[in-house]
Amino acid sequence: MAAEAIVSTLLENLASIALDEIDKEVRCIINVHREVENISSNFRAIQAVLEDAERQQVEKQKAGVRDWLDKLKEISFDIENALDEWSTAISKSKLEKEELKVCSFIPSPSFCFNRGKLLCKTAHKIQELNERLDNIAKERERYGFKELNVEKPKREETTSLINVEEICGRLKDEERIVNMLLNEGRTEELGSALHMISIVGAGGIGKTTLAQLAFNNEKVKSHFVEKIWVCVSDPFDEMWIAKVILKSVCPVDEKDAVEKLDRLEDALQRLKNSIEGKKFFLVLDDVWTEQYGKWDRLKQSLSHGCPGSKILVTTRKENVAITMGCNTIFPMEQLSEEEGWSLFSQIAFFGRSNKDFEDLEEVGKKIARKCKGLPLALKTIGGLMRLKKTVKQWQLVLDSEIWELEVAEEGLFHPLMFSYYDLSSQLRQCFLYCAIFPKDHVIEKNKLIKLWMAHGFLKGTQRQDVEMVGEDYFNDLAMRSFFHDFEKDENGGIVKCKMHDIVHDFARFLTRGDCLIVERSSIEGFSFNGRARHVMLINTKSSAFSNCIYTAENLHTLLIDQTKNGWNPCYHDLVKLFDKLKCVRTLRCGFPQIVKYPKQIGKLMHLRHLDLSNNRQLEELPEAVCDLYNLLILDISGCWRLKSLPYRVGNLINLWHLQNEETFAVSFMPKMEKLTCLRILSLFLILGDGKGAALSDLGELNHLQGKLEINGLGNVRDEWEAKKAQLQNKEGLTSLSLMFGPTDRSQVSETSILVLKALTPPSDLERLEIWGFTNPTMWVWPNWIVSLAKLKNLELSYCDNVEHLPPLGKLPSLESLRLNWLKKVKKVGVEFLGIETPLFPCSWSVVAFPNLKSLEFLFMEEWEQWDYGIRGEEDLTIMPRLSSLTIYDCRELKALPDHILQNATLQSLNITRSPMISNCSERGRRWNPLRDIDLLEDVVEG
C-alpha cells in the first residue's frame, strides 16, 4: 500500500496517543514520551522524501529502493499495532474503572497489576521498534532521496459523472456486431446450430464496452430467447462457467440445486438440457485459455441450442479465437485521431467555458495523441485533465518523463500513473486497497467504504463526517475513471461498480503482493509471502488453505467467501485461525456450515470490521465478541438461525454499524443505551420482560441513519418508554418499520395507541411501515402520519381492528401505498382523501394524492364500498399520476370509483379474487381501449 499514506496516518496516531494516562510506575520503567517523540521525528524526516522514494521504485524499478520501502511499511504496521495496543489498554482501563465506580467497588490490586504489566510490555515493544526505525531512517541517506516540491492535490467539488459509454466512438462497430448477431443466413451456410464471433484487440481498446453495447441492443434483446453474460478471465474454469450459464437460464427455484453440482459431467448434461431448442446469445468476456480441450466440452453442450444461437467472445489474443473455433474474427482497431480527440475533449472539457477550450485545445490534442487511440487511456487522462485548470498544468503533463517509462501495458499504465500521482495519499490508499478484489468483481460502494473505514483510510474533520468523506473519495475515484460499469439507484446515485481489468492490473502492479486473491481452483502447494497484508479467499475447494493461512500472522484483511462445496473449517480450525490472526482489522467469515464460533475470536484486539453475514447455520455468537473494544462494524445480517445477541454487546461503545436484518430467530436483544456512536441499527427487538432491550434505549442513539425496524412494540406497556426513544431526533433515518405484533388479540390495550402516538418519526422520513397494530374501534390515527411531507412509501398491514383509514391524500410526496389485511375496513370514503366536504368555491383546485403512482389493496375481507360521496366537484383532482392499481382478495368490494374508471394515466390494473366488482365491464367505454388491451392484467378471477 502507499507508504506515504501509512506514515501520515501513523504521525496522526502518534500525536493523539494518550500519554498523560500513564501510571507513574510505567514512566519509571521507560520514558514513553521520549520514545514516541523519537518515532515521530524519524517519521517526519522520512515523510519528506517518501514521494521521491515511491516514484523511484515505480519508475526506475530499483530493487534496493523497493526493499527499503518494504522495510518501512513493515515497521510502520508494527508501530501501528503497538500504538493500538497501548490506546486500547488505556481506554478499556478507563471504561472498567467507570463500571467499578458505578458498582461502588474499589479496583483490586490484581486489576492494577495486570494493567500496569500490559502497559509495560507495550512500552518495551515501542522502545524496540524505535531502534529498528532508527536504522531504517539512516538507510535512506544511502539512496540520496530528494524532497520533491509536489503540489498537493486539492479537493475538488464533486461534479456529475459522465456516462463515458455513450461517447466511446464505437457506434459503427456496434452496428456491425449487431448485424452479425441478427444474421441467420450465415449460420445456415455453415451448417451449424452455433455461430461464434470473436472481438480481438489490445487491453483497454474497448472490447468489453462494445460487447455490452451489442448485449443491450434492443433488436438483440428481442431476437434471442436467452441472453447470458459470463466474465471468464483466467483461469478458464469449466465448472464455474457452466454454473453461471445454468443460473442464467434455469428457474429461480432451481438455482440452489445448480450450486450444489460438484461433477462437471452432471453440470454439462444439465446445461445441454436447459438450452436445448432455445435460441440463445452468450457472451464470454475476457477469455485467455488456448487449451482447446477445456473449451470443447462446454461447446458440445452449447451446440444443442436452437439454430441461430450466437456466442460472442472477447479476447486480447487472436490465438484464443482460433483455438475456440470462432467463425468470425472482428479485430478492434484503435480510435482514429479525430475520435480520440472527441472522447478526450468531452471528458476533459466537461462543464468548461469556450475560452478554456480555445486556450487548451492545442496542448490537449498533443496529450490525446499520446494515448494512441486507446479509449481507456483517453478516458483516464481526460478525467485527470478535467481537474487541471491552467495551460502550465497541462503542459507539465505533456512534457512529463512518465510517457517514456517502460512499464507493463505500454500506452495504458502511463495515463493511469498520471492520475495516480495526482491523488492525495489517502486516496492512493483507498484505490490500492481495491486490488484485493478479483477481476470483474462487482464492488458494492457502501461495503467498500466500510472496508476503508476499518483500516483508517478516511480522515474527516469530525468523526461524524467519516462516511461522507468515504462517499467523496469514491466519487473522486469514479470521476477519474478508476471505476466504471456503474449500477445506480432510483435517484441516480452509484450503488455498485467494477474496475476495468487494466486498472485492476495497474493496482496489482503497484501493490506488488500486498493484496492476494485465491479463488475457485484448488490451492494445493499455495503459500503466503511475508508481504501479504490483505487476502480474499473465494470458494476454494481444498483444505490446504487451512494449513498455509496459519502462517499469515500479519494479515490486516481476511475476506472469506465460501459455498457449501468450498472449504468449511471445523470448530478447532477456527480456534487455531483466531489464535494466529493477531493483526487483523477486517475479517469476513463466509462459512455456510458453521454453527458456533469459538471464544478465541475475542482475542482479535485490532479488529474493526467483523462480517459474519449470511452464515445460515450460525446459532450462537460467543460472549467474547463483546471484548472487541475497537469494533466499528458488526454484520450478522442473514444469520437466519442466530438465537440471540451476546449479553454484553452494549459494551462495544465504539460500534458504528450493527447490521442485523434477516435474523429471524433472534429472541433476545440486550441493553444498548451505551452505543451512542451507532449509525446503523437494522433491527431493534423489545421483549418487555425488563431483562433485555427497552424502547428507551434508543433515546441517546441520535446518529442512527438509513433503515430501522422496531419489533415487539406490542410488548411496550408505558407510553413514556416511547417518548424517551425520541425518534423525532434521529434525523438521519429515512425508513422506519413499527412492528406491534404478534399480540394477544383478546387483550387489545389503549397503551398501544399512546405508544404509536408517542413514536413521532423524523420529518424527513421517506418510508414507513406499521404492522400488527390492534387498536380499539372508533380511534383516530396520530396526526404525525399526515405531517410527513417527504414520505414516499407507506404500508399499513395486519391492523386488525382498524375501521377507518387515515387522511393519506394529504401526503404531498406519497408515491406508493399498500393496505394489507385491514380486516375491519368496510368503506374507503372521503376521509381517505383528507379533504373537507363540501368543497367551498376557491381560486385553486384541490389535489388528493398528487404524486401517488402505485396503490395496492390486499386481503381486505369486509371492504364493500370505495365511494367518496362526492359528485361533480370540478375543483377536486384525485390521484392524477396513478399508474398501477392492484386489488387482491377483496371479495366484498362492489365497484370502482369514477376517478379510477376515468383515469388516463393507469398502465397496470390487476384485480384478482374480487368477483363482486361489477363495473369493470364499463372499461371499454370509459378507458382508453388500446391501453386496456395492452396493459390490463387478469381483471377478474373468481
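A residue counts as buried when its relative accessible area is under 20%, as exposed when that area is over 50%, and as partly exposed in between. By this rule K372 is partly exposed, because its relative accessible area is 43%. The structure discussed here is a predicted model. K372 is found in the loop between α17 (354–369) and α18 (375–385), and its phi is near 55°, a positive value in a residue other than glycine.

N614 can be described in similar terms. Its phi is positive, at about 60°, although N614 is not a glycine. With a relative accessible area of 42%, N614 is partly exposed, and its place is in the loop between β13 and β14.

The loop between β13 (609–611) and β14 (633–635) also holds V625. Is V625 buried or exposed? Its relative accessibility is 1%, so V625 counts as buried. Once the neighbours within four places in sequence are left aside, V625 is in contact with I601 and L652. A further spatial relation links V625 to P646: the two are 21 residues apart in sequence, and their C-alpha atoms are 7.5 Å apart in space.

These local sites belong to a protein chain of 942 residues, of which buried residues make up 53%. The secondary structure of the chain comes to 31 helices and 30 strands. Among the contacts with a separation of 6 or more, 70% are between residues 24 or more positions apart.

The interior may be approached through its nonpolar cores. The largest of them has 122 residues, and I710, I770, F857 and W866 are those with the most contacts inside it. Helix α28 (residues 751–758) gives the largest share of this core, four residues. Apart from this core lies another, of 90 residues, which includes F344, L378, F418 and I494. The surroundings of I770 can be listed in detail. Leaving aside neighbours within four places in sequence, I770 is in contact with L738, F740 and L756, with W781, W784 and I785, and with E795, L796, S797 and C799.

F857, another of the residues with the most contacts inside the largest core, leads to strand β25. This strand (residues 854–858) is mostly covered, with five of its five residues buried. Which residues of β25 lie on each side? S854, E856 and L858 are on one side and L855 and F857 on the other, and both faces are covered, since these residues are all buried. Strand β25 has two pairing partners to consider here. With strand β22 (residues 816–820), β25 pairs in the parallel sense over five bridges, and R818 stands opposite E856. Five bridges also join β25 to strand β28 (residues 884–888), and these two run parallel. In that pairing, L855 stands opposite L885.

An antiparallel arrangement is found elsewhere in the chain. Three strands form an open sheet in the order β6-β8-β7, with antiparallel pairing. The edge strands, each of which pairs on one side only, are β6 (443–444) and β7 (484–488). Between β7 and strand β8 (residues 494–498) there are three bridges, again in the antiparallel sense. Within this pairing, E487 has K496 in β8 as its bridge partner. I494, listed above among the members of the core of 90 residues, falls within the range of β8 (residues 494–498).

Helix packing is illustrated by helix α20 (residues 413–421) and helix α24 (residues 501–511), whose axes come within 11 Å and cross at roughly 65°. The crossing of α20 and α24 is right-handed. On the α20 side, F413, L416, M417 and Y420 take part, and they meet I502, V503, D505, F506, F509 and L510 in α24. By class, this contact has nine nonpolar residues, no polar residues and one charged residue. The spacing of such positions has a general background: an α-helix has 3.6 residues a turn, so residues three or four places apart point the same way.

A final helix shows burial along its length. How many of the nine residues of helix α9 (residues 207–215) are buried? Seven are, so α9 is largely enclosed by the rest of the structure. The buried residues of α9 are K207, T209, L210, A211, Q212, A214 and F215.

Conventions. Residues numbered from 1 in each chain as written. Predicted model: local features only at pLDDT ≥ 70, side-chain atom pairs only at ≥ 80, totals over all residues. Heavy atoms only, no water. Axes fitted to C-alpha atoms, helices over the stretch in contact; angles between N-to-C directions. Left-handed = near helix turned anticlockwise from the far one by under 90°. Contact = heavy atoms within 4.5 Å. Nonpolar A, V, L, I, M, F, W, Y, C, P; charged D, E, K, R; others polar. Pairing = 2+ DSSP bridges. Core = buried A, V, L, I, M, F, W, Y, C linked by side-chain atoms within 4.5 Å. Buried < 20%, exposed > 50% of the residue type's maximum accessible area, 1.4 Å probe, protein only.
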